[in-house]
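Colleague: I am new to this structure and would like a close look at a single part of it, the sheet and what packs on it. Could you take me through that part slowly, with the terms explained as you go?

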Amino acid sequence: MNVDDEKNKSAGGLKSSNLVQAWLVLVLAVGFGVSLAGVQLMLGPVIEGNKLNETLEKVPELVLGNLLAAKMAGENQTLEIVPRQVTVEKPGRNKFYSVYEARYQGDLKGWVVKTKGQGYADTIELLLGLSPDLHTITGLFVLDQKETPGLGNKIITDAWRSQFVDAPADRSLVVIKTGASRPGEIDAVTGATISSKSVTAMINTTVGDLRKPLTTGPSSAGKGGKNNG
Amino acid sequence: MADLPTATERFINGILPENPVYRQLLGLCPTLAVTNSLKAAITMAGAVGFVLLCANVITSLIRNLLKPHLRIVVFTLTIATFVTIADRFLAAYLYQMSKTLGPYIPLIIVNCIIICRCEVCASKQSPLVAATDAVGQSLGFGIALSSIAAIREILGTGALLGLRIMPASWPDWVIMVLPPGAFLTFGLLLGTVNWITARRGGKKTA
């Protein structure tokens, strides 16, 4: 009888003491969780704002090119930027694109599309500028990347990105290891063929996905590439 | 308690005698990865310093409540919380820098310097000692990171913090800003530090 009592006691004691022992962990977890939620509530909008600011800041140069964008900024003129969400149906899932419609005095000047995909190291986020008729690429900006420093991260340089400006968008771009000469050919970054290819493939996919929704959408009423400059 | 180092000793130890990078060889992941520019290295050292200070103080405050077999859980929980806070702050107020550092900020969670200080110092000594220890170790870490980063940036790009240092004819040693450069620089600096210590300490060095 006595032994049984002892056994029960120790079993029950152990169980409860396990919980009791963990009280500090539990209390800390709750406390830290609350403070993290607080930090996120406070900073989340700021972080989202940073990304959006960067995007909006880049829209003029992506649509108009550096020179014209600088000129417009100098003259204190701005583009009207209308964000919208485009859903593209893919087999098995829907893909969402954030599209920014850039208008100047009512005329459609072009589109900026946010797109992302797998790079060599991590996800690459791109902003892609397209002419209103989707015939030409007007600009490229890398919003987020974690490619190899010194090699793959050269995709963010002006020199490399400028190859895409005025590249044709109505056929697939091809990555060439050295000496791209014809339109639609892109020189790979030396030592970073994978990063170069993923960026190019993302652009090809994005343009392909968006051709139909953007050129037949309601806001492409002023269709035609005449306002390209 | 009596034979544990005092606050001042802890502080001084962290800077060179027990430098986390050059003496203890801890926290080498950020040491090798983010030292291709001085600015990134300083930001990283600042983030580690913030996390280390907060984690050390909290650990020290609750040191009498810690159960031996649950202590690592508590350390990790505390560290992870402050790393997340640091990460969010960088993304909100140093957006470009947080883009540069990328995954290395979240990786501070597994930085062994911090868990080592919690274990060695904060879980045994008062918050004041723990705080000075954290500051000393952070300074030591910052000095180590900055020294490697400065050498790599100067040799690799010819400039430091945007300031041209080398003559214009300097052929940038691109390899110095690439990963191999980190190993080369770190190895040479570590060798130098050991050599200096050996010469100074004579027979005392183990």
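Modeller: What follows is a walk through the sheet, then the helices on it, and then one loop.

This is a predicted model, in which local features need pLDDT of at least 70 and side-chain atom pairs count only at pLDDT 80 or more, while totals for chains, interfaces and linings use all residues. Residues are numbered from 1 along each chain as its sequence is written, and chains are lettered from A and ligands numbered from 1 in the order in which they are written.

The sheet belongs to chain A and is an open one of five strands, in the order β1-β2-β3-β4-β5, with antiparallel pairing. Strands here are DSSP runs of E with at least two residues, helices are runs of H or I with at least four, and both are numbered from the N terminus; two strands pair if DSSP finds at least two bridges between them. At the edges stand β1 (80-90) and β5 (137-144) of chain A, each of which pairs on one side only. From one strand to the next the twist averages 25°, where axes are lines fitted to C-alpha atoms, for helices over the stretch in contact, and angles run from 0 to 180 degrees between N-to-C directions.

Within the sheet, β3 (residues 107-118) and β4 (residues 123-130) of chain A are joined in the antiparallel sense over eight bridges, and A:Val112 stands opposite A:Gly129 in β4(A).

Two helices can be described against these strands. Helix α2(A) lies across β1, β2 (93-104), β3, β4 and β5 of chain A and runs at about 155° to β5(A), whereas helix α5 (residues 193-216) of chain A packs on the sheet by touching β1, β2, β3 and β4 of chain A, its direction making about 130° with that of β3(A). Contact means that the C-beta atoms of two residues, placed from the backbone, lie within 7 Å.

Helix α2 (residues 23-64) of chain A also gives 13 residues, the largest share, to the side of chain A that touches chain B; that contact takes 19 residues from chain A and 22 residues from chain B.

Lastly, the loop between β4 and β5 of chain A holds A:Leu134, a residue other than glycine whose phi is nevertheless positive, near 60°. A:Leu134 is buried, with 20 other C-beta atoms within 10 Å; a residue counts as buried at 20 or more such atoms, exposed at 12 or fewer, and partly exposed in between.
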